[in-house]
Amino acid sequence: MRINPRITDKLARIVLNTQAFFTVGILVIIILIIILKGAPHINLEFILSAPEDMGRHGGIFFTIIGTVFLVFLSILLATPLGVGTAIFLTEYTKESRFTKIIRFGVESLAGIPSILYGLFGFIFFVIKLRMGWSLLAGVLTMAIMILPTIIRTSEEAIKAVPRNLRIVSYSLSATKWETVTRVVLPSAAPGILTGIMLSIGRAVGETAAIIFTMGSSLRLPMSLMDSGRTMAVHFYILAREGISMEKAYATALILVLSILFINIIAYYIMNRVIAKYS
Amino acid sequence: MPMTDKALFKEKFIKGILVSFALSSLFFLFLIFIFIFIEGLPLFHKIGLKNIIFGFKWAPTKGSFGIFPMIVSSFFVTFGALIVGAPLGLSCAIYLSEYSGKKMKMFLKPALELLAGIPSVVYGFLGVIYIVPIVRDCLGGPGFSLLSASIILGIMILPTIISISFDALMGVPKTYREGSYAMGATKWQTIFRIVIPSASSGILASFILGMGRAIGETMAVIMIAGNALKIPTSILDPLRTLTGNIALELAYATGDHRLGLFSTGVVLLVIIMILNYIANFSIKRKIIK
Amino acid sequence: MDVKIRIENLRLFYGMSEILKGITIDVYTSMITGFMGPAGSGKSSLISIINRMIDFEEGIRIEGNVHMDGSNILDGTIDQISLRRRVGTVFAVPIPLPRSVYENIAYGPRLQGIRERSRLNTIVEESLKKAFLWDEVKDRLHTSALKLSGGQQQRLCLARTLATKPEVILLDEPCSGLDPISTAKIEEALSELKKEFTIILVSNNTKQIARITDFAAFFYMGQLIEYGSTEKLFTNPSEKKTEDYIQGKFG
């Protein structure tokens, strides 16, 4: 007997609704667990004091500094490279075999898992270039890793700038570079910023690529050649080696909160852009 | 008055710089391949391709570099993650594109994308604390298992599947749906017979990219998979993936042992490139269609 | 009367099709010259050759000569950038840059290297006055140009072009989307501006051509059918096609 299509229709709606809310439920549960378990152990002292006894006591201040150094420097390197690539692909060339090859390179970089970045950074920066486990090796590895994200989001943002604005700029006797810097980039800036924010989020949460390049020293990195520990690596070590569950949860909360914060900013910027151009 | 030589030179100079920036991505890709291959290939020569890829025994300090169980385990975990993540993710994408209101979309989409922002170590940790004991107590075994890893990885690939499937579903022209409704089809019939088939290559691509993410995932997996060096015979058995093998031993490996980890990396890299190629191919086919 | 632009046997090919089929025409200094004709007549393509904006199109080929003050703008002795300083353009749709009114006007002068605030202020004020927009925007120079009405935006675009101090101004159906009052203001501005500039106005509004131009050219299917003083063209056209077009029988 054929089932009545109306009943199937209702059934489908119910099943899909349930699955969607189940998925959101997972997210809510994950966030709730981290907040409930982490919040009681967080205070200003936890954030602002140095870790003691492998992180069993004290705070995570050095790891926050390590994270900030790593993220800031890798973004500083990857942004001009990424935005420059995006400008080249969108403004300075037509679609050709050459751009196809570059896009293939970008897509491939985006697909490489972080452990392979770790493997590469370890052999190339740490061993061959004799940087040792250092902030510099971590920064260079991370910069390559986030490059594809920045290129792709910048390209999308630049492509969304109406062609008319470029035409007007050229008609007012602007050169290509003047048009790019004075019209295209200002209009694309929020979209580019969103990409940078997403990259920051990725860099903050990364472990596999960092632990083998930047190392996991709990001292404060005083130079580019010093090893250091990011929050994510610290959390991993706390959790995996069972050093302190309390500190692990608290670190996880700070980690998730900072990524949440970065995502919200990125989303806010993105929505403003959508509102502006629609 | 022609453009001054200086201005002309400036434009050329800028273009040159931008070209070199664009080439840097290719250069980095090249570097990564070269260095992983330079370190990884000699062992294939020395031990033999067959003995590594189809070898069962991983005892790198004793000259055995078989990674077959890890290759199999990587695929098991990846398919496990797909079994958990694909139906959930696709349902979410269908719900978002076909059923939810605009406000709900505005809230749900970023919320689900946030799942992608949670670091993999946090997933791994929560897996250890919550999933592993539940599996151990309810189903038996050590808890650190294929099942636990599949569940956590399944959740981790949700954002990839949702966002790419969602884009594919949204890309189906409205007229297709209207045509179906006009012939008296219900919403579900329209979705099942018209919308999903039209978006199938995008949905397929989302699954493949999800697989790419799962097979490359490292930290969460080594925390919950148990890392045993054998082919799992049940979903409750522990296992070690290719990524896990590298991450677990790289910190202290030397000599041939380290080279063995790079050989593992070579295999992983090749698998990833094939997956990416298939995903790109299926996305491109959609565009041509 | 001095010839500002001399176009000789100009042909434009777009792929296999010939868009302009050998145009020869002189445009005179300090006059308003109207280019009219139905859609597809080639009048807009012609002005996009004069400002070399056609270079952004792909698959085109140009033959013939366009001389401005005696030098050929097609043979590479003049580059596009310096040409566009001398030839300003106002497009059919007003396209303000997403900036303030002030910054829109100052865009061209800044490109020319003018940085002093006082000089920019003067240029902005003068340009807005010439475009008959100053009174309406003088109190909100620093608000977004996107907030202006359509008619104001188009006058802003005119003012922005004036600010680059061009010799020739091309207007490509500048009033096609505007209401009669805004149209009147632009026409009023143009009648004043011809003292200083050579103006080419593309329009398929024959009444507008009759009202404000000194010379008029009628294009049809890529050919120049008739060219002469506006008065002659509208009172006693030599070609039957011109007469039919002016009387609104087609187009």
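These are my notebook entries on the chain interfaces and on one sheet of a predicted model.

**Entry: chain B against chain A**

I looked up the contacts between chain B and chain A and found 74 residues of chain B touching 79 residues of chain A. For the area buried between the two chains I noted about 6,900 Å², with 81% of it given by carbon and sulfur atoms.

I then searched this interface for polar links. One salt bridge is found between chain B and chain A. I recorded its partners as Lys128(A) and Glu39(B), whose closest N and O atoms are 3.3 Å apart. The tally of residue pairs in polar contact came to eleven, both residues being at pLDDT 80 or more. Helix 1 of chain B, residues 5–47, gives the most to the side of chain B that touches chain A, namely 19 residues. By residue class, I listed that side as 55 nonpolar, 13 polar and six charged.

**Entry: chain C against chain A**

I repeated the search for chain C, where 22 residues are in contact with 19 residues of chain A. Together these two chains bury about 1,800 Å², and 68% of that area lies on carbon and sulfur atoms. I asked which three residues supply most on the chain C side; Ile95(C), Tyr107(C) and Leu111(C) account for 29% of the area that chain C buries against chain A, more than any other three residues.

Across this interface I again found one salt bridge. In it, the side chain of Arg163(A) meets that of Glu57(C), at 3.9 Å from N to O. I counted two residue pairs in polar contact between chain C and chain A, both residues at pLDDT 80 or more.

I noted the elements of chain C that give two or more residues to the side touching chain A: helix 2 (80–86), strand 6 (87–90), helix 3 (101–111) and helix 6 (150–163). Helix 3 of chain C provides the largest share, four residues. I sorted the residues of this side into eleven nonpolar, four polar and seven charged.

**Entry: the sheet of chain C**

I traced an open sheet of four strands in chain C, ordered 2-1-4-5 with antiparallel pairing. Its edge strands are strand 2 (17–28) and strand 5 (71–72), each pairing on one side only. I followed the pairing of strand 4 (residues 60–68) with strand 5 of chain C, which is antiparallel and runs over two bridges. There I found Ser71(C), in strand 5, as the bridge partner of Met68(C).

Lastly, I examined helix 1 of chain C, residues 43–50, which lies across strand 1 (3–14), strand 2 and strand 4 of chain C. I recorded its angle to strand 1 of chain C as about 115°.

Note on methods. Residues numbered from 1 in each chain as written. Chains lettered and ligands numbered in written order. Predicted model: local features only at pLDDT ≥ 70, side-chain atom pairs only at ≥ 80, totals over all residues. Heavy atoms only, no water. Contact = heavy atoms within 4.5 Å. Buried area = accessible area lost by both parts, 1.4 Å probe. Salt bridge = Lys/Arg side-chain N within 4 Å of Asp/Glu carboxyl O. Polar contact = N/O pair within 3.5 Å; in protein donor to acceptor, adjacent residues only side chain to side chain. Nonpolar A, V, L, I, M, F, W, Y, C, P; charged D, E, K, R; others polar. Pairing = 2+ DSSP bridges. Axes fitted to C-alpha atoms, helices over the stretch in contact; angles between N-to-C directions.
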